[in-house]
Amino acid sequence: MDIFYGSTRGSQERVPASKAILQGLAKDGGLFVPDRLPVFDRTMEAFAGMNYQEIAYEVMKLLLTDFTEEELKSCIGKAYDAKFDTPSIAPVKKVGGSYYLELFHGKTIAFKDMALSILPHLMTTAAKKNHVENEIVILTATSGDTGKAALEGFADVEGTRILVFYPKNGVSAIQERQMVTQQGKNTRVVGIYGNFDDAQTGVKQLFADEELAAWMRERGYQFSSANSINIGRLVPQIVYYVYAYAQLLREHAITSGEEINVVVPTGNFGNILAAYYAKNMGLPLRKLICASNDNKVLYDFFATGVYDKNRDFVLTTSPSMDILVSSNLERLVYRIAGEDAQKTASLMQSLGQEGKYAITGKMEKQLSDFYGNYATQEECAAKIRSLYESFGYVTDTHTAVAAAVYDKYRQETADQTKTVIVSTASPFKFTKSVMAAIDEKYRDKEDFALVDELEKIGKVQVPAAVAQLRTAPVVHDIQCGRGEMKEAVKAFLLS
Ligand SMILES: *Cc1c(COP(=O)(O)O)cnc(C)c1O
């Protein structure tokens with residue numbers, strides 16, 4: 001049966017998946033959600049016999065129902081290929097008593113590659129299906145990781161162009177180098193003299209700018225969005241939870257139907273929401289453990305039923321989780337409100353106006369699938385050190401937050417259920433924090449200087465993504481003021 005996508009706030013008509021992917025955000029500011037969650041039509045044993053690409057098809061066909069088999073398989077084939085440094089795409093490693101699902105084997109060595117490798121292909125296929133003749137222009141503001149993953153995903157994809165704005169002095173040296181060395185005829189990277197909020201606000205204004213939209217239409221262009229609220233990013237993330245389960249089953253680490261826990265280092269709530277969808281589609285998951293860093297809005301939400309972003313923003317060693325408004329949580333709120341769009345809209349209005357909202361007791365009762373906790377920067381560093389010292393396994397800071405939260409969960413509950421810790425970035429992406437956690441003597445060294453040292457002690461090869469950066473030529477050297485972003489867009493499209 002076909003699945004349609006409506007808004008969490010209710011006032012947009014339902015559309016098929018391809019239209020929801022092209023549109024990104026619903027017209028009323030809500031998020032697109034499927035009108036029901038289908039159930040897997042393959043057994044777990046059947047999944048255990050499949051590779052990543054096959055599972056991707058079996059999962060995505062259930063939710064992207066207006067794509068043909070041929071279209072989906074073509075998108076999957078182009079996304080999950082030799083770009084990944086292992087044919088397994090997302091290997092599971094046993095370390096100590098837990099399993100680490102490594103989602104960092106793609107081009108930019110962070111988990112955003114899992115979805116951003118396929119989104120461009122879903123989008124161009126969706127454009128064809130809907131007879132969109134314009135070239136699709138992706139505009140993204142980034143605080144570091146998303147921009148690079150989107151650039152890699154869209155680079156040289158026919159029918160698209162991508163422009164990324166980043167805060168000129170607000171990203172790490174490695175992150176900036178990753179972006180300004182980006183190849184691809186259809187890419188552009190511009191540094192903004194301002195902070196991430198300036199870049200983000202500027203991009204939102206450009207999306208809403210009618211004069212710019214008309215100017216673009218005349219020249220055969222239209223905007224679309226690659227950010228994490230697009231269902232074209234959410235659906236591909238369900239796949240690796242099924243794949244992780246299938247691997248454990250294949251290796252006889254679990255028996256068929258045995259429930260497992262997952263621990264997810266969380267920021268925007270996209271990754272863990274995919275796990276929740278997977279569970280609702282029939283994957284035997286017990287607890288969804290939501291791990292936060294010092295920006296523990298979600299921990300407080302699960303503990304009290306109140307979401308409150310009125311607090312200081314803490315810059316931590318796990319920057320991709322430094323978030324006070326977790327956009328994808330709106331989809332969970334909608335579901336526990338009994339798919340009541342009016343209720344969801346009023347809670348989100350309260351978030352917009354007062355920076356907080358409280359869910360009802362009835363809604364709170366439906367959060368029993370989740371457990372929330374957080375780890376401080378010191379706890380995160382201690383976990384990196386102990387994993388290294390006990391097992392020789394080096395994790396990045398985000399994964400270490402998850403591992404530290406899992407320790408707290410086990411202490412509190414004594415739950416012995418087998419558990420998968422979702423590993424969202426390679427330690428090579430956050431070399432400085434990782435090495436300083438392992439040994440004080442590395443504290444004053446710079447990122448690039450520590451890469452070889454990490455290779456030695458971690459016994460893992462420097463990923464190509466990092467090795468290339470040392471010699472890659474800078475191809476984007478453009479900066480602009482906060483007020484000049486529109487001109488930057490026009491200049492790019494006229495080039
Ligand atoms: C984006 C990101 C996260 C957070 O994922 P969400 O889907 O936003 O919750 C965690 N770790 C890393 C390394 C990331 O890049």
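Hi everyone, let's start with helix H6, residues 119-129: nine of its 11 residues are buried, so the rest of the structure largely encloses this helix. Please keep in mind that this is a predicted model. Which residues of H6 are the buried ones? They are Leu119, Pro120, His121, Leu122, Met123, Thr124, Thr125, Ala126 and Ala127. After H6 comes His131, and its phi is positive, near 55°.

Now to another covered helix, H3. This one runs over residues 52-63, which makes 12 residues. From the first C-alpha to the last, H3 reaches 17 Å, close to the 16 Å expected at 1.5 Å a residue. Is H3 mostly covered or mostly open? Mostly covered, with 10 of the 12 residues buried. Tyr52 is on that buried list, followed by Ile55, Ala56, Tyr57, Glu58, Val59, Met60, Lys61, Leu62 and Leu63. For those of you who look at charges, notice that Glu58 and Lys61 are among the buried residues of H3. The N-terminal end of H3 has a cap, Asn51, with a side-chain oxygen 3.2 Å from the backbone nitrogen of Gln53.

Next, the ligand, which I suspect is what many of you came for. How many residues surround the ligand? There are 15, and the closest are Lys112, Gly267, Asn268, Asn271 and Thr424. By residue type, this shell divides into five nonpolar, eight polar and two charged.

Let me go through some polar contacts to ligand oxygen atoms. Lys112 places a polar side-chain atom 2.6 Å from a ligand oxygen. Asn271 makes its contact through the backbone, where a polar atom is 2.9 Å from an oxygen of the ligand. Gly270 also uses a backbone N or O atom, at 3.2 Å from a ligand oxygen. And how much of the ligand does the protein bury? Taken alone, the ligand exposes 380 Å², and the protein buries 97% of that.

Last stop, the sheet. Three strands form an open sheet in the order E2-E1-E3, with antiparallel pairing. The edge strands are E2, residues 15-16, and E3, residues 32-34, and each of them pairs on one side only. As a quick reminder, strands of a sheet pair through backbone hydrogen bonds, either parallel or antiparallel. Here, E1, residues 4-7, pairs with E2 over two bridges in the antiparallel sense. If you want to find this pairing on screen, look for Tyr5, whose bridge partner in E2 is Val15.

That's my tour, thanks for listening!

Technical notes. Residues numbered from 1 in each chain as written. Predicted model: local features only at pLDDT ≥ 70, side-chain atom pairs only at ≥ 80, totals over all residues. Heavy atoms only, no water. Pairing = 2+ DSSP bridges. Helix = DSSP H or I, 4+ residues; strand = E, 2+ residues; numbered from the N terminus. Near = heavy atom within 4 Å. Polar contact = N/O pair within 3.5 Å; in protein donor to acceptor, adjacent residues only side chain to side chain. Areas by Shrake-Rupley, 256 points an atom, 1.4 Å probe, with all protein chains shown as cover. Nonpolar A, V, L, I, M, F, W, Y, C, P; charged D, E, K, R; others polar. Expected span 1.5 Å × (residues − 1). Buried < 20%, exposed > 50% of the residue type's maximum accessible area, 1.4 Å probe, protein only.
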